[in-house]
Amino acid sequence: MDNDNDYIPALKYKGLTKLYDPLLKFFNAGQKLTAKLLAQAAITEGDKLLDFGCGPGNLLIQAKQKQPQAVCRGIDIDPRILKIAAEKIDKHGLNIPLKHYSGGTLPYKNESFDKVLSGLVFHHLSYNAKRKALQEIHRILKPRGKLHIMDFGKPSNLLMRLLFIPVQLLDGFSPTADNVLGLLPEIVSKAGFANVIEKDRLNTLVGTLSFYQGEKPQNNK
Ligand SMILES: C[S@@+](CC[C@H](N)C(=O)[O-])C[C@H]1O[C@@H](n2cnc3c(N)ncnc32)[C@H](O)[C@@H]1O
């Protein structure tokens with residue numbers, strides 16, 4: 001994924017994007033995971049946070065409802081899903097500006113966010129796109145700013161490995177390979193983050209989900 005015409009939408013096919021949010025709801029899948037990622041990020045009222053790959057905006061809406069004083073921003077590469085998110089945010093009467101990502105430079109100033117959160121996005125990205133996105137996230141985070149990622153990680157056991165195959169058939173074996181090998185923390189560290197750890201993991205019907213955390217060092221630009 002090196003430009004915005006070459007990305008994997010939420011359900012792989014652009015025509016299916018509008019089904020992503022109803023499917024999450026139908027399987028009662030999104031809410032619990034989003035709440036877990038938000039709990040890990042421990043948003044405070046002074047925080048400015050970005051949801052990278054915000055999809056239909058569920059995390060942003062939960063974050064803003066939980067902490068109305070926090071400044072929330074969302075970005076996604078898919079204009080269709082951004083439209084869905086904008087309508088949903090509007091329906092909730094919330095003020096959460098969204099931006100379109102071109103796949104290159106993030107449209108935000110250096111050191112302008114306290115926290116960046118991202119759920120189920122990195123397994124959509126090629127190795128190069130992962131590195132580019134992480135470099136950009138590092139740039140826009142303030143020193144000591146935190147990155148919180150929830151995504152597929154190294155399977156906990158053979159069953160988890162097998163259950164992940166349908167996700168790989170949908171989203172591709174190449175972008176998901178780093179996830180399966182448990183390489184995300186290493187890639188995050190290589191982008192300049194310190195104290196990168198897997199905070200928690202969850203075995204699900206589609207494989208093992210890992211919750212990672214990293215920090216931009218105080219004296220490292
Ligand atoms: C499985 S969905 C997850 C959406 C949302 N974060 C959630 O938890 O429901 C993956 C999202 O990543 C977005 N995406 C794919 N490639 C991207 C990229 N290079 N940069 C930003 N977002 C991307 C897709 O458009 C989609 O909205």
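Where is His124 found, in terms of the loop and its flanking elements? In this predicted model, His124 is found in the loop that runs between β4 (113–119) and α5 (127–140).

**View 1. The setting of His124 in its loop.** The relative accessible area of His124 is 12%, and because this value falls under 20%, the residue counts as buried. Apart from neighbours within four places in sequence, the residues in contact with His124 are Ile8, Pro9, Ala10, Asp171 and Pro175.

**View 2. Polar contacts made by the side chain of His124.** A polar atom of the His124 side chain lies 2.8 Å from the backbone oxygen of Ile8, a residue that also appears among the contacts of His124. The side chains of His124 and His123 are joined by a polar contact of 3.4 Å.

**View 3. The residues that surround the ligand.** The ligand is surrounded by 19 residues, of which the closest are Tyr20, Gly53, Asp76, Gly119 and Leu125. Sorted by class, this shell consists of 13 nonpolar, 4 polar and 2 charged residues.

**View 4. Polar atoms of the protein beside the ligand.** For Gly53, a backbone N or O atom lies 2.7 Å from a nitrogen atom of the ligand, and for Gly119, a backbone N or O atom lies 2.8 Å from a nitrogen atom of the ligand. Asp76 takes part through its side chain, with a polar atom that lies 2.6 Å from an oxygen atom of the ligand. On its own the ligand has 600 Å² of accessible area, and the protein covers 94% of it.

Terms used. Residues are numbered from 1 along each chain as its sequence is written. This is a predicted model: local features need pLDDT of at least 70, side-chain atom pairs count only at pLDDT 80 or more; totals for chains, interfaces and linings use all residues. Side-chain values use heavy atoms; hydrogens and water are left out. Helices (H or I, at least four residues) and strands (E, at least two) are DSSP runs, numbered from the N terminus. Buried means under 20% relative accessible area, exposed over 50%, partly exposed in between (1.4 Å probe, protein chains only). A polar contact is a pair of N or O atoms within 3.5 Å; within protein, one must be able to donate a hydrogen and the other to accept it, and residues adjacent in sequence count only if both atoms are side-chain atoms. Contact means heavy atoms within 4.5 Å. A residue is near a molecule or strand if one of its heavy atoms lies within 4 Å of it. Accessible areas come from the Shrake-Rupley method with a 1.4 Å probe; for residues, only the protein chains shown count as cover. Ala, Val, Leu, Ile, Met, Phe, Trp, Tyr, Cys and Pro count as nonpolar, Asp, Glu, Lys and Arg as charged, and the others, Gly among them, as polar.
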